[in-house]
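Please work through the exercises below with the sequence and the coordinates at hand, trying each task before reading its solution.

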Amino acid sequence: MNYEDYFRDALVGLRAQGNYRVFADLERHCGDFPRATARGEQAADVTIWCSNDYLGMGQHPKVLGAMHTALDRCGAGAGGTRNISGTTHDHVLLEAEIADLHAKEAALLFTSGYVSNSAALGTLAGRIPECVVLSDALNHASMIEGIRHSKAERMIWKHNDLSDLEAKLASLPRDRPNLIAFESVYSMDGDIAPIAEICDLADTYNAMTYLDEVHAVGLYGPRGGGIAEREGLMDRVTVIEGTLGKAFGVMGGYIAASAELCDFVRSFASGFIFTTALPPAIAAGAAASIRHLKSSGAERDAQKRVVAKVRAQLDRAGIPHVANPSHIIPVMVGDPVKCKYISDVLLKDHGVYIQPINYPTVPKGTERLRITPSPVHSEADIAHLIAALGDLWEQCQLARIPMAAQ
């Protein structure tokens, strides 16, 4: 076998399907989000419209100040794993902030949300004897990896379908351990899980619940604890998993749960034990972000206003987007080649960066531009975005939705 030919042919196939990923070379401007410089043959200023730094906290003075202070106090790295090099005090403080945010006894910090899902689900499902995992059909790849790694029996239930979930729970022996794994806000369609009803089923069938809140923490609830906090349900969820790399604007992932469960994962999860810990400056910045958003709703309120304005302008322009109750606006293209073309022209000719979302991230035929408005996008930014999309909708001969049909 000629390995290089195999690699090359596979990449050629991806390009032909319009599914080859190109990473934009962007340099964010400190203190000026959502502005960035696109690097290439010629540098150009762009406005980012698809960042998961949903509130712009990656540029917040309190976050930057905390990171500078920690860097000067502790230096750059953590020195290794927490098992070998010890836990830096900034990790201890951050885990306390996270546990308080979710009203749980404890929290455990990981290097990313992906790792926290993979390690926690893999450990819980793999170590609990005869555990069955009931996984929502649209769960994130990191959750799927953790469940697969556990080698536990798994059942996939139809997305947000309570009847299907209950049927699968009812089919299991009552004394067999089971765990329901699901998300609160699903990042591609922006829909929200029926958390209360899932918890009701968990109570009925003696199941644990594992809730991924990565696209909700910082954004929902009076202190940014997520959808479960907004709906008064945090005490009913066994494990809440979240990220520090989206609305909190820094980096890292975590779980929050009982002290015993967190200690269990800490003691058995190879993805925690054998991974170099986050640098103290990262932990300090994340803690500062969480503290700020616990007491400040200004960023959340401003973001909701901008999201509503973008949706209204898209409606007026007849540009199709998925209606949902969250902050995520999927603008539907439905063709991989056109989706990539629109993204490329937006960046090159209009100074707008929106990454195309194609298969396998979303099903074929549902290709889209995933727009995530932030509180720091201006009225002028919105007007420019809508005008650019309108031009490209005409170029690509894509259908518009009349106002009466919206």
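The exercises that follow concern a predicted model, and each task is followed by a solution in steps.

**Exercise 1. The open sheet**

Determine the order of the 7 strands in the open sheet, and state which strands lie at its edges.

Solution. Step one is to follow the pairing from strand to strand, which gives the order β4-β10-β9-β8-β7-β5-β6, with mixed pairing. Step two is to look for strands that pair on one side only, and these edge strands are β4 (106-110) and β6 (153-157). Step three concerns the twist: direction ignored, neighbouring strands of this sheet are turned by 20° against each other on average.

**Exercise 2. One strand pair within the sheet**

Describe how strand β7 pairs with strand β8, and decide whether β8 is mostly covered or uncovered.

Solution. Begin with the sense of the pairing: β7 (residues 178-183) and β8 (residues 208-212) run parallel and are joined over 5 bridges. Next, locate individual partners, among them Leu 179, whose bridge partner in β8 is Met 208, and Phe 182, which stands opposite Leu 211 in β8. Finally, turn to accessibility, where 4 of the 5 residues of β8 are buried, leaving the strand mostly covered.

**Exercise 3. Two helices on the sheet, and the faces of one of them**

Identify the strands that helices α4 and α6 lie across, and then work out how the buried residues of α6 are arranged around its axis.

Solution. The first step is to place the two helices. Helix α4 (residues 89-101) lies across β4 and β10 (253-257), and its direction is at about 125° to β4. Helix α6 (residues 141-150) lies across β5 (132-136), β6, β7 and β8, running at about 160° to β7.

The second step is to list the buried residues of α6, which are Ser 142, Met 143, Gly 146, Ile 147 and Ser 150. Viewed down the helix axis, these buried residues fall within an arc of 135°, and therefore they line one face of α6. Their cover includes α5 (113-127) as well as β5, β6, β7 and β8.

The third step is to examine the face of α6 turned away from its buried side, which carries the exposed residues Arg 148 and His 149. Just after the helix comes Lys 151, whose phi is positive, near 65°.

**Exercise 4. Aromatic pairs**

Find how many aromatic pairs the whole structure contains, and classify the pair of Tyr 6 and Phe 7 and the pair of Phe 264 and Phe 268 by their geometry.

Solution. A search of the whole structure finds 3 aromatic pairs. For Tyr 6 and Phe 7, the centres are 6.0 Å apart and the planes make an angle of 65°; because planes over 60 degrees apart count as edge-to-face, this pair is edge-to-face. For Phe 264 and Phe 268, the corresponding values are 4.9 Å and 50°, and the pair is tilted. Phe 264 and Phe 268 both belong to helix α10 (residues 259-268), where they are 4 residues apart, about one turn of the helix. As for accessibility, Phe 264 is partly exposed at 26%, and Phe 268 is likewise partly exposed, at 37%.

**Exercise 5. Unusual backbone geometry**

Locate the cis peptide bonds that precede Pro 34 and Pro 360, and compare the surroundings of Glu 130 and Asn 160, whose phi values are positive.

Solution. As background, most residues other than glycine have a negative phi, and most peptide bonds are trans. The bond joining Phe 33 and Pro 34 is cis, with omega about 15°, and Pro 34 lies in the loop between β1 (26-28) and β2 (35-38). The bond from Tyr 359 to Pro 360 is also cis, with omega near 10°, and Pro 360 is in the loop between β13 (356-357) and β14 (368-371).

Turning to phi, Glu 130 has a value of about 60° and sits in the loop between α5 and β5, where it is exposed with a relative accessible area of 57%. Asn 160 has a phi near 55° and is placed in the loop between β6 and α7 (162-170); at 19% relative accessibility, Asn 160 counts as buried, because the cut-off for that class is under 20%.

Technical notes
Residues numbered from 1 in each chain as written. Predicted model: local features only at pLDDT ≥ 70, side-chain atom pairs only at ≥ 80, totals over all residues. Heavy atoms only, no water. Phe/Tyr/Trp six-rings, centres within 6.5 Å; stacked < 30°, edge-to-face > 60°. Buried < 20%, exposed > 50% of the residue type's maximum accessible area, 1.4 Å probe, protein only. Pairing = 2+ DSSP bridges. Axes fitted to C-alpha atoms, helices over the stretch in contact; angles between N-to-C directions. Contact = heavy atoms within 4.5 Å. Arc of directions from axis to C-beta.
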